[in-house]
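Student: Hey, I've just opened this one and don't know my way around yet. Can we go through it together?
Tutor: Sure, ask whatever comes to mind.

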Amino acid sequence: MKKTSAFSASSVALAVAALCASMPAFAQVQAKVTGRVQFDVRDKSNGFTDSADRDTASAADNFEIRRARIGVSGTINKDISYEVVGNAVGSSTNFVDTAFANYGFNKAAQFRAGRFKQPFSLEELTSSNNIDFMERSYGNQMVPGKRLGLMLHGEATKGLNYGVSLFQDNFTESSNSSNAGSNYAARVAFNGAEFGKIDKTVLHFGYGITSGTAQTVPTTSGNTQNAAEATTRATIVALRSENRGLSNVYRAQIGGDRIGQAQYGASANNVINIDKDLTGLELALARGPFKFQMEDFDTKYTASGISKAYSVVSPATSLAADNTVGYDVRVKAQYVELMYNITGEEWSKAYKGGAFSGISPESVFMKDYGGVVGNGIGAWQVGVRQSTYKATASNSDAGNGGSNRTQNSDKATTTTYALNWILNKNARVMLNYAETKFGSKVEALDGGTGKVMDKEQIISLRTQINF
């Protein structure tokens, strides 16, 4: 007689189910891979593109992988979300782009910790996957962006979103500051159309503020066209013309220590403190396929520190008493833009949580991913934006022997025209033409070319995929 096993497959399944039912529920973890690649080509007309000097490289026609990011995001038990993204291109040696955990048990009062976008500026809080133009405006060059910190945020009531954060300006601090997070940011955004249940409309009003102190280490110039210097300087603010044009079209620097021996790229011993106060006003009005958007930025920098003269012997010996140095700079910036979805997509469908996400084409260019192309035309957009900045500086020689300095134009206006083709949610092609007019002649700093310009034109094309 054949002996049968008492443990059939169905019995095992029932036993496992009973065991799981008797135990606490395991965490429900969801994860998905995310990424983006943006490849740009630019043709520039500015008079510097025939220079062989390395310091004028930002003026050259170029191909560029603007962004290449890969990461993972997801949820734990639905209410805890997370994101970890690495950046494969850029000047920063730190690979981490974002890395945070968000505790959303109460949607009106959520808590976030890690590296993330600080709550400031409608333009900044719109992902680079979805911005209207290839590059953001002048004002965006002064916002905090992604920083290490803590944030309380949420939707207080229908149509009213807020965020308050405490953050650190750099990955690592430059001195032994006793404050864990010496900067803060706060923003409130209200959509009157959502609050009033006005269909197909966005009536967005926002206000943001960020303030705090950062430390930076002054260095001597790396310009090998000129003789090496012994005077160190720290950059307070530097602007690049829009559409990735010429670097340092405006730059303000404060003098630091005087080292004992002139050399290129040498560091000072004492840091410079830069107190920064930035306020921003936001307005976005959209109805159907039309959108008007503008922001106003007002940034005040107060730089201060200690400047000493040091001997050439090792260890370096101070040859003079402490000399207090200071420099005040103020930069105002603004942009105004108009966007129109030719194919009729509604902007209100792309607005959520106090910011705009991506437009979803009503007619997807490639519906059948098995190879059938041409089922739709995608979404098409046209737009125009005017962006400006104006800078002022004071106390340029205060206690510093003339080491403080501002360079190039203290104002500029850039007009950008855009034609965008959104094939589907994961692919986009952008064509931009930008013309910048400067308030005064601009040169390539440290370039040694002797050439100047008062106007710059750039034609740029981007192909983008994201998932």
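Student: Let me start with a single residue: is Gly145 buried or exposed, and why?
Tutor: Gly145 has a relative accessible area of 10%. Buried means under 20%, so Gly145 counts as buried. Keep in mind that this is a predicted model.

Student: Where does Gly145 lie?
Tutor: Gly145 is in the loop that runs between α2 and β6.

Student: And what does Gly145 touch, not counting residues up to four places away in sequence?
Tutor: Its contacts there are Phe116, Lys117, Gln118 and Glu124. You can also look at Pro119: Gly145 and Pro119 are 26 residues apart in sequence, and their C-alpha atoms are 8.4 Å apart in space.

Student: OK, what about Ser127, where is its place?
Tutor: Ser127 belongs to the loop between α2 (122-125) and β6 (146-157).

Student: Which polar contact does the side chain of Ser127 make with another side chain?
Tutor: That one goes to the side chain of Arg36, at 3.4 Å. The Ser127 side chain also reaches the backbone nitrogen of Asn129, at 3.1 Å. If you leave aside neighbours within four places in sequence, Ser127 is in contact with Arg36, Lys117 and Arg136.

Student: Let's zoom out. How many helices and strands does the protein chain have?
Tutor: There are 3 helices and 21 strands.

Student: Which strands pair with β1?
Tutor: Strand β1 (residues 29-45) pairs with strand β2 (residues 62-76) in the antiparallel sense, over 14 bridges. In that pairing, Gly35 stands opposite Ile70 of β2. β1 also pairs with strand β21 (residues 452-466), again in the antiparallel sense, over 10 bridges. There, Gln38 is opposite Gln464 in β21.

Student: How much of the contact total comes from residues 24 or more positions apart?
Tutor: Such pairs account for 67% of the contacts in the protein chain with a separation of 6 or more.

Student: Now the inside. How many residues are in the largest nonpolar core?
Tutor: That core has 34 residues, and Val331 and Tyr389 have the most contacts inside it. Several strands supply at least two residues each, including β10 (229-239), β13 (290-307) and β17 (379-394). β14 gives the most, with 6 residues.

Student: What does Val331 touch, then, not counting residues up to four places away in sequence?
Tutor: Quite a list: Met142, Val237, Leu239, Phe297, Asp298, Thr299, Tyr301, Tyr389, Lys390 and Ala391. Apart from this core lies another one, of 15 residues, with Leu122, Ala286, Trp347 and Phe356 among them.

Student: Why would nonpolar side chains be buried together?
Tutor: It's a general tendency of nonpolar side chains in soluble globular proteins. For this chain as a whole, 44% of the 467 residues count as buried.

Student: And the accessible surface? What does it come to?
Tutor: About 22,600 Å² for the protein chain, with 56% of that belonging to carbon and sulfur atoms.

Student: Last topic: what is the mean pLDDT?
Tutor: The mean for the protein chain is 88, and 87% of its residues reach 70 or more. Over residues 1-10, though, the pLDDT is below 50, and that stretch has 1 contact in the model beyond near neighbours in sequence. Residues 12-24 are also below 50, and they have 0 contacts beyond near neighbours in sequence.

Notes
Residues are numbered from 1 along each chain as its sequence is written. This is a predicted model: local features need pLDDT of at least 70, side-chain atom pairs count only at pLDDT 80 or more; totals for chains, interfaces and linings use all residues. Side-chain values use heavy atoms; hydrogens and water are left out. A nonpolar core is a set of buried Ala, Val, Leu, Ile, Met, Phe, Trp, Tyr and Cys residues joined through side-chain atoms within 4.5 Å. Buried means under 20% relative accessible area, exposed over 50%, partly exposed in between (1.4 Å probe, protein chains only). Helices (H or I, at least four residues) and strands (E, at least two) are DSSP runs, numbered from the N terminus. Contact means heavy atoms within 4.5 Å. pLDDT is the predictor's confidence in each residue, from 0 to 100. Accessible areas come from the Shrake-Rupley method with a 1.4 Å probe; for residues, only the protein chains shown count as cover. A polar contact is a pair of N or O atoms within 3.5 Å; within protein, one must be able to donate a hydrogen and the other to accept it, and residues adjacent in sequence count only if both atoms are side-chain atoms. Two strands pair if DSSP finds at least two bridges between them.
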